[in-house]
Amino acid sequence: MKKSDAINLAASRGRVTGSAGSAVVSSRRAANLKKHILNKDAVIAVIGAGYVGLPLALAFSRKGYRVISFDTDLNKVAQLLQTKSYISTVPSAMIAKAIKMGKFSATYDAAKLKVADCIIICVPTPLTQEKIPDLSAVESASKAIVANLKTGSLVVLESTTYPGTTVEVVKPIIESTGQRCGKDFFLAFSPEREDPGVKGHALSNIPKVVGGCDRHSADLAQTLYAQVAQKVVPVSDTQTAEATKMLENIYRAVNIALVNELKMLFDRMGIDIWEVIAASSTKPFGYHPFYPGPGWGGHCIPIDPYYLSWKAKQHDFSTHFIELAGEINTKMAEYVVNKTIDALNRANKPLNKSTVLILGVAYKPNISDTRESPAIPIYKMLADGKADVIYHDPYAKTFDCKIAGTTIKARSRDWSPALLKNADCVLILTAHDFYDPRFIAKHARLIVETRNLMPRGIANVTRA
């Protein structure tokens, strides 16, 4: 009898101990979970029902899996149970269909996680005011899991974070009760790559990077994501997968900063940055276009680079490009406000008591997300300068902003020709498809724009 056959026989009779026995148990549990994933009878729980977690949960439900959407926000859970969507890119009908098919449920009760075979963590990873990673949501999710973890389950972290988080933060919490990664549970990292509002960038056709803490964890995570993604890209470990997300977002942050700095320089030189970019884009190699704007926004680009910058300090390393990119992109809000003041002055209007209408407060076109949007500090600076600031956004109906030490809830105004005509200045910050440049040009007295929405040759347009 071969040694491997003997080990398997002994294990089945409960007599194998030590590393050989653990390896057999690990293999058996991994094989069992893989079978359930492939048979679509594995129960999947997604912790976090936001812009990443909710689309992911619905994607698995459409593939026939029973999915539990868990969130500590009672309002989100209530809306989901009422088949109401709070995300502009997720139709309410999609939620209603998933619930009707019996493939989707929402809860704030962590005990419901006990039935899950696969648990995916999609919670926010913000920064503190000191630009230090705030992993409290990841830690809370991990603690909820450890209290309700079924033996042989797979846990995957998707929340963007610095390399090492999965093994340094999540793994110790789950192992705190004596369970062992790679034997009693399996653990992996797969960075989210959501691009809401962009046609053609659906979850299914965006390659999914996966790294596991061990070979069984990696294989199970690959098997799981292969059910909803056309292509899965395996990497050697969780740290590599985490670093992949860092590189993707830092690449964007640095190049956005570069083109924003060039915009400010070319403006002084009387050169149209947009014409320069269009001409440069004709080169078929060695160049990829990035576009200037009023700053940076969203839950990734203004946040994630600082995660790596913070981690780098633990290795006695300074990330100069990251810090410089942050300085430039943050400075763009002030630049836009100054250009707005200059445009008003040329029209013999002081900022004080002028009505400034902001068009678009979401951080990117065709979505409602205002997280880290440059529109918010611009709104605040204009209001602090005693302007009467109002806004319109077809998606973001409200947002909170602190003015003179008091938090206000700004509300989108109704769209009409009068809204444009009555403003002393129309400031375009987000180029939603909703906005017709000809309509704006016809009714606005003065326009300051940051997104190249308005055509050339209009006399009352200032490009910021």
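Is lysine 63 buried, partly exposed or exposed? In this predicted model, lysine 63 turns out to be partly exposed, because its relative accessible area is 43%, a value that falls between the 20% limit for buried and the 50% limit for exposed. The residue sits in the loop that links helix H3 (53-62) with strand E2 (66-70). It also has company on the surface: Lys40, Arg62, Lys63 and Lys97 come together there as a patch of positive charge.

Just before that loop, the picture changes. Serine 61 is part of helix H3, and it counts as buried because its relative accessibility is 7%, with the cut-off for buried set at under 20%. What does serine 61 touch, once neighbours within four places in sequence are left aside? The contacts are Val67, Ala98, Lys103 and Phe104.

Stepping back to the whole protein, the chain has 464 residues, and 51% of them count as buried. The fold is built with 15 helices and 15 strands. Measured out along its principal axes, the C-alpha trace spans about 95 × 50 × 45 Å. As for the accessible surface, the total is about 21600 Å², and carbon and sulfur atoms make up 54% of that. The protein carries 58 positive and 42 negative charges, and the mean positions of the two sets lie 6 Å apart. Looking at contacts with a separation of 6 or more, 68% of them involve residues 24 or more positions apart.

Helix H6 (residues 136-146) gives a view of the interior. Its buried residues are Val138, Ala141, Ser142, Ala144, Ile145 and Val146. An α-helix has 3.6 residues a turn, so residues three or four places apart point the same way. And which elements do the buried residues of H6 pack against? There are strands on the list, namely E1 (43-47), E4 (118-121) and E5 (153-157), along with helix H7 (165-175).

Arginine 268 offers a contrasting case. This residue belongs to helix H9 (residues 238-269), and it counts as exposed because its relative accessibility is 78%, where over 50% is what exposed requires. How far is arginine 268 from arginine 28, going by their C-alpha atoms? The separation is 67 Å, for two residues that are 240 residues apart along the chain.

Technical notes: Residues are numbered from 1 along each chain as its sequence is written. This is a predicted model: local features need pLDDT of at least 70, side-chain atom pairs count only at pLDDT 80 or more; totals for chains, interfaces and linings use all residues. Side-chain values use heavy atoms; hydrogens and water are left out. Patches are made of residues with over 30% relative accessible area and no salt bridge: like charges are joined within 9 Å, nonpolar side chains (Val, Leu, Ile, Met, Phe, Trp, Tyr) within 5 Å. Accessible areas come from the Shrake-Rupley method with a 1.4 Å probe; for residues, only the protein chains shown count as cover. A salt bridge is a side-chain nitrogen of Lys or Arg within 4 Å of a carboxyl oxygen of Asp or Glu. Lys and Arg count as positive and Asp and Glu as negative; His and the chain ends are not counted. The place of a charge is taken as NZ of Lys, CZ of Arg, CG of Asp or CD of Glu. Helices (H or I, at least four residues) and strands (E, at least two) are DSSP runs, numbered from the N terminus. Buried means under 20% relative accessible area, exposed over 50%, partly exposed in between (1.4 Å probe, protein chains only). Contact means heavy atoms within 4.5 Å.
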